[in-house]
Amino acid sequence: MKRILTIPAITIFCLYACTTPQAQSTIDNQLQDIAANSLKGQLIMQDADYGTVIITEVATGEVKALVNLDCQADSTVIASRMNYATDWLYEPGSTFKIASYIALLENGVSPDMTVDCENGKAMINGVMVADDHSEGEISLRDALCYSMNIGIAKAVYSTFNADPDRYMNCVQILFPDIDSVKRAEFPTQPNLVKVAYGYGVKVTPMHVIALYNAIANNGKYISPTLVTRKPEQGKAICSDEILSEVNAVLSENLDGLFKKQNARGYCSTTQLSYDNGEYVDEQGGRQYYACAVGSFPADNPRYSVFVGIKTYYGNSRFHTYYGAGLAMPVFTQIADALKSE
């Protein structure tokens, strides 16, 4: 069991240098405390390794809270020396499926397109793809609602196999460069099957929340900032019709998990590779990154929240590693606290 170490201050890493005396931090101390305390409690209870919380204001892109916490070898929880939010690249897994869905819809694919999920296991262009639950023939929309790797991978491969660059161009523009944030990494020769559900590409948590914040902001992308600035109009990421479809999925996925919080969002459970490229260690253990990202209130979003927690499963550590079970409780705590703000 991890014990709590009092943290006098959470380390804040600014995305922009304060170049004028008028520049002010966007961080809200109250939201910062809410984020830090919610994350600490879950890291301790679930015996996890480290985590990140980002809270942005939907209309402005201002970062209102940014927390990075580590669990040390002596089981204390401290402010991380690394800013995972901006400096850590990872394979985003299922949260990337929204980008694939937008690309498919922009290229004329219907949400009602039928995909065969083959009861949870399928070989697609030489790649074995698996899901942790079984589905047969369902619509593309339902494949996203149920977070089916097979369904999304089949749709992307069948649509873009003849022109992979067209797909990559569609998803890359959804993850533009952000000042003082590591640039997202996209392969020049992508494996469409894997990229479709968020493997073979690397982004930072800040890239992920920026996309979901754009969806909440009526489809207008505004780059995140930790320093106050003049209001921005934002750039449209998709048509209003596609935006409406995406928001419907973000409300209904995971049996309405986010809808119950009057929010819209998505969860992911991503396997992280080791330095040797393998996903399983010598003891049979695996590393997971659980994520919950979304915005609330659903009808007129004010805040977007990203919660990411890295954990290990195996070798006497067998706590939950799913996004819905590990990251979502932190999202819920933050949402509940902000509802009374």
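This briefing describes one helix pair and the internal cavities of the structure. The model is predicted, and the values below are computed from it. The count comes to two cavities of 30 Å³ or more, and helix α8 gives three residues to the lining of the largest cavity and three residues to that of the second largest.

**Helices α5 and α6**

- The axes of helix α5 (residues 149-160) and helix α6 (residues 164-172) come within 8 Å and cross at roughly 125°, which makes α5 oblique to α6.
- On the α5 side the contact is made by Val 156, Thr 159 and Phe 160, which meet Pro 164, Arg 166 and Tyr 167 of α6; these residues divide into four nonpolar, one polar and one charged.

**Largest cavity**

- The largest cavity has a volume of about 40 Å³, and its lining consists of Tyr 212, Ile 215, Ala 216, Asn 247, Leu 250, Arg 264, Gly 294 and Ser 295.
- At least two lining residues come from each of α8 (205-216), α9 (240-256) and β11 (286-296), with the largest share, three residues, supplied by α8.
- By residue class, the lining of the largest cavity divides into four nonpolar, three polar and one charged.

**Second largest cavity**

- The second largest cavity, with a volume of about 30 Å³, is lined by Thr 56, Gly 61, Ile 209, Ala 210, Asn 213, Ile 222 and Pro 224.
- Helix α8 gives the most to the lining of the second largest cavity, with three residues, and the residues of that lining divide into four nonpolar, three polar and no charged.

Terms used:
Residues numbered from 1 in each chain as written. Predicted model: local features only at pLDDT ≥ 70, side-chain atom pairs only at ≥ 80, totals over all residues. Heavy atoms only, no water. Axes fitted to C-alpha atoms, helices over the stretch in contact; angles between N-to-C directions. Helix = DSSP H or I, 4+ residues; strand = E, 2+ residues; numbered from the N terminus. Parallel < 35°, antiparallel > 145°, perpendicular 65-115°, else oblique. Contact = heavy atoms within 4.5 Å. Nonpolar A, V, L, I, M, F, W, Y, C, P; charged D, E, K, R; others polar. 1 Å grid on protein atoms, 1.4 Å probe; cavity = no way out; pocket = protein on both sides within 12 Å on 5 of 7 lines; lining within 4 Å. Points joined across faces, edges and corners; volume = space filled by probe spheres on them.
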